[in-house]
Amino acid sequence: MLQKTARGLFALLLIVLEWTRPCLLSPLRPICDLRVLNHFIKEARDAEGAMRLCREGCSLSESVTVPQTRVDFDVWEKKNALAQAQDVQSGLWLLHQALSLLRTSVTNTALHSHIDNSIRNLLSINAVLRSLNIQEYTPSAGATGGEETWNVSSAPDLLQVYVNFLRGKVRLLLSDAQACQQDVS
């Protein structure tokens, strides 16, 4: 667990160090470097794999609402940046709620580090989005995170949704963020 925490902190340290480095001509901002997201995706896949191998003490206590991971690119492209950001932020909020429930449901302590790491990575992604001036999602009373949701009842399915959401909508939002566009002059 300490090793995974250290890796997460190391990734965050690299972001900060890269951000404070003197500028070259016009490099991408470090928060726009998709290698960090790729690292989070790899860790999410590792958690999904560990959960699929688990036989005892690794189930959800109840079904959870998760975001749709399917992306219709025509619809996505027609949305303005604010609508895209709200879609991603509400999905991250749903995943945080679901992973937190999973953490309390799982009794297999070997899996706790994977779940804790996934939650920390979600919080890091939220911090990256805030640094891009994308406001955090604040649900209204009784909100479920939006219309494009569905329910899952197994831990591996939850983690598969998490992986696919990072690979899909989060990647699209970060790669298209205005602050991450290279200036071509």
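**Exercise 1. Salt bridges**

Task: State how many salt bridges the chain holds in this predicted model, and work through the pairs R35–D33 and R103–D116.

Solution.
- Step 1. The criterion is a side-chain nitrogen of Lys or Arg within 4 Å of a carboxyl oxygen of Asp or Glu. Applied to the model, this rule gives a count of 7 salt bridges.
- Step 2. For R35 and D33, the closest N and O atoms are 2.5 Å apart, and the pair forms a salt bridge. R35 counts as exposed because its relative accessibility is 63%, while D33, at 26%, counts as partly exposed.
- Step 3. For R103 and D116, the closest N and O atoms are 2.6 Å apart, and this pair also forms a salt bridge. R103 lies in helix α4 and D116 in helix α5 (residues 109–131), so the bridge ties together parts that are 13 residues apart in sequence.
- Step 4. R103 has a relative accessible area of 28% and is therefore partly exposed; D116 has 17% and is therefore buried.

**Exercise 2. A network of charges**

Task: Determine which parts of the chain the salt bridge between K169 and E148 links, and which residues belong to its network.

Solution.
- Step 1. The side chains of K169 and E148 meet in a salt bridge at 3.4 Å, N to O.
- Step 2. K169 sits in helix α6 and E148 in the loop between α5 and β2 (149–152), so that distant parts of the chain, 21 residues apart, are linked by the pair.
- Step 3. K169 is buried, because its relative accessibility is 2%. E148, with a relative accessible area of 41%, is partly exposed.
- Step 4. K79, D87, E148 and K169 form one network through salt bridges that share partners.

**Exercise 3. Surroundings of L95 and Q160**

Task: Decide whether L95 and Q160 are buried or partly exposed, and list their contacts beyond four places in sequence.

Solution.
- Step 1. L95 belongs to helix α4 (residues 81–105). Its relative accessibility is 0%, so L95 counts as buried.
- Step 2. Beyond four places in sequence, L95 touches V66, P67, L122, L158, V161, Y162 and F165. With L122, the separation is 27 residues in sequence and 8.2 Å in space, C-alpha to C-alpha.
- Step 3. Q160 belongs to helix α6. At 35% relative accessibility, Q160 counts as partly exposed.
- Step 4. Outside its neighbours within four places, Q160 is in contact with E48 and R52. Q160 and A47 are 113 residues apart in sequence, yet their C-alpha atoms are 9.3 Å apart.

**Exercise 4. A charged patch**

Task: Name the residues in the patch of negative charge on the surface and place D176 within the chain.

Solution.
- Step 1. The patch gathers D72, D74, E77 and D176.
- Step 2. D176 lies in helix α6 (residues 155–176).
- Step 3. Membership in a patch needs over 30% relative accessible area and no salt bridge. D176 has 38% relative accessibility and therefore counts as partly exposed.

**Exercise 5. The whole chain**

Task: Describe the order of helices and strands, and give the overall figures for contacts and surface.

Solution.
- Step 1. The chain has 6 helices and 2 strands, arranged along the sequence as α-α-β-α-α-α-β-α.
- Step 2. Of contacts between residues at least 6 apart in sequence, 85% join residues at least 24 apart.
- Step 3. Of the 185 residues, 42% count as buried. The accessible surface is about 10,600 Å², and carbon and sulfur atoms account for 55% of that area.

Definitions and conventions: Residues numbered from 1 in each chain as written. Predicted model: local features only at pLDDT ≥ 70, side-chain atom pairs only at ≥ 80, totals over all residues. Heavy atoms only, no water. Patch = residues over 30% accessible without salt bridge, like charges linked within 9 Å, V, L, I, M, F, W, Y side chains within 5 Å. Areas by Shrake-Rupley, 256 points an atom, 1.4 Å probe, with all protein chains shown as cover. Lys, Arg positive; Asp, Glu negative; His and termini not counted. Charge placed at Lys NZ, Arg CZ, Asp CG, Glu CD. Helix = DSSP H or I, 4+ residues; strand = E, 2+ residues; numbered from the N terminus. Buried < 20%, exposed > 50% of the residue type's maximum accessible area, 1.4 Å probe, protein only. Contact = heavy atoms within 4.5 Å.
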